[in-house]
Structure formats: structure tokens, C-alpha cells
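Here are some exercises to work through with the model open beside you. Try each task yourself before you read its solution.

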Amino acid sequence: EYSYRRGDLLEAARKFLEAAATGASDAELAAASIYRAAEMMRLAERPEDVRELVRRLEDKFPSSPWTVRARKLAGEAGQ
């Protein structure tokens, strides 16, 4: 969140992905962190990265509400 507030979207995405890796034992935390990384990539106008993160959520957390939200996020960005 700190990097996001500073406007460093790529660093924020990296930190969210780190949180997903360290919180892997908590599936919802990991899914939420990947979703937040996808949000940062959307804000940074990096559609390929958004698509990759959505694919990751679909593969690892297919029934998570975060995956549903990520699909919508990708759709809003015209992915």
C-alpha cells in the first residue's frame, strides 16, 4: 500500500506478489494479494501483466471471489 500511495505502481505490484508468496498458506490472502498486483498493473497500463495475473488466479484459485473480481477488472480495462 505504501508504494501505491507514493505512485510507484510497479513496486506496489511487486510487493503484493511478495505478500502472495509469503502468505501462500492462506489461500484468500494470497489470492487477494495477486488481485491487488493486477490492480496495480491495470493502473500502470500493463494489460499483458494484468492478463498474466488473472491467469494465475484462475489456475491457482478458480473459485475465489478475488478471481471473479480480477476477471471483471480485466474486462473493465478492455482486456
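How much area does the chain expose, and what share of it do carbon and sulfur atoms supply? The exposed area is about 4,700 Å², and carbon and sulfur atoms supply 50% of that area. Accessible areas come from the Shrake-Rupley method with a 1.4 Å probe, and for residues only the protein chains shown count as cover.

A note before going on: this is a predicted model, where local features need pLDDT of at least 70, side-chain atom pairs count only at pLDDT 80 or more, and totals for chains, interfaces and linings use all residues. Residues are numbered from 1 along each chain as its sequence is written, and side-chain values use heavy atoms, with hydrogens and water left out.

**Exercise 1. Describe the overall fold.**

Step 1: list the secondary structure, where helices (H or I, at least four residues) and strands (E, at least two) are DSSP runs numbered from the N terminus. The chain has five helices and zero strands.

Step 2: judge the compactness. The radius of gyration, taken over C-alpha atoms, is 11 Å, close to the 12 Å that the globule rule gives for 79 residues, so the chain is as compact as a globular protein of that length. That rule is 2.2 Å times the number of residues to the power 0.38.

Step 3: add the box. Along the principal axes, the C-alpha atoms fill roughly 30 × 30 × 15 Å.

**Exercise 2. Work out how the chain packs on itself.**

Step 1: look at burial (under 20% relative accessible area is buried, over 50% exposed, in between partly exposed; 1.4 Å probe, protein chains only). Of the 79 residues, 37% are buried.

Step 2: look at contacts (heavy atoms within 4.5 Å). Among those with a separation of 6 or more, 51% join residues 24 or more positions apart.

Step 3: find the largest nonpolar core, meaning a set of buried Ala, Val, Leu, Ile, Met, Phe, Trp, Tyr and Cys residues joined through side-chain atoms within 4.5 Å. This core has 21 residues, and Ile-34, Met-40, Leu-53, Leu-57 and Phe-61 have the most contacts inside it. Helices H2 (9-22), H3 (27-43), H4 (47-60) and H5 (65-76) each supply at least two of its residues, with the largest share, eight residues, coming from H3.

Step 4: zoom in on Leu-53. Apart from residues up to four places away in sequence, Leu-53 touches Leu-17, Ile-34, Ala-37, Ala-38 and Met-41.

**Exercise 3. Compare two residues of helix H3: what do Ser-33 and Arg-36 touch?**

Step 1: check burial. Ser-33 lies in H3 and counts as buried because its relative accessibility is 6%. Arg-36 is also found in H3, and its 19% relative accessibility makes it buried.

Step 2: list partners, setting aside residues up to four places away in sequence. Ser-33 is in contact with Phe-16, Ala-19 and Ala-20, while Arg-36 touches Glu-1, Tyr-4 and Phe-16.

**Exercise 4. In helix H2, is Leu-9 buried or exposed, and is Ala-21 buried or exposed?**

Step 1: start with Leu-9, in H2. At 19% relative accessibility, Leu-9 is buried. Beyond its neighbours within four places in sequence, Leu-9 is in contact with Tyr-4, Met-40, Leu-43 and Ala-44.

Step 2: turn to Ala-21, also placed in H2. Its relative accessible area is 57%, so Ala-21 is exposed. From C-alpha to C-alpha, Ala-21 and Ser-33 are 8.9 Å apart in space and twelve residues apart in sequence.
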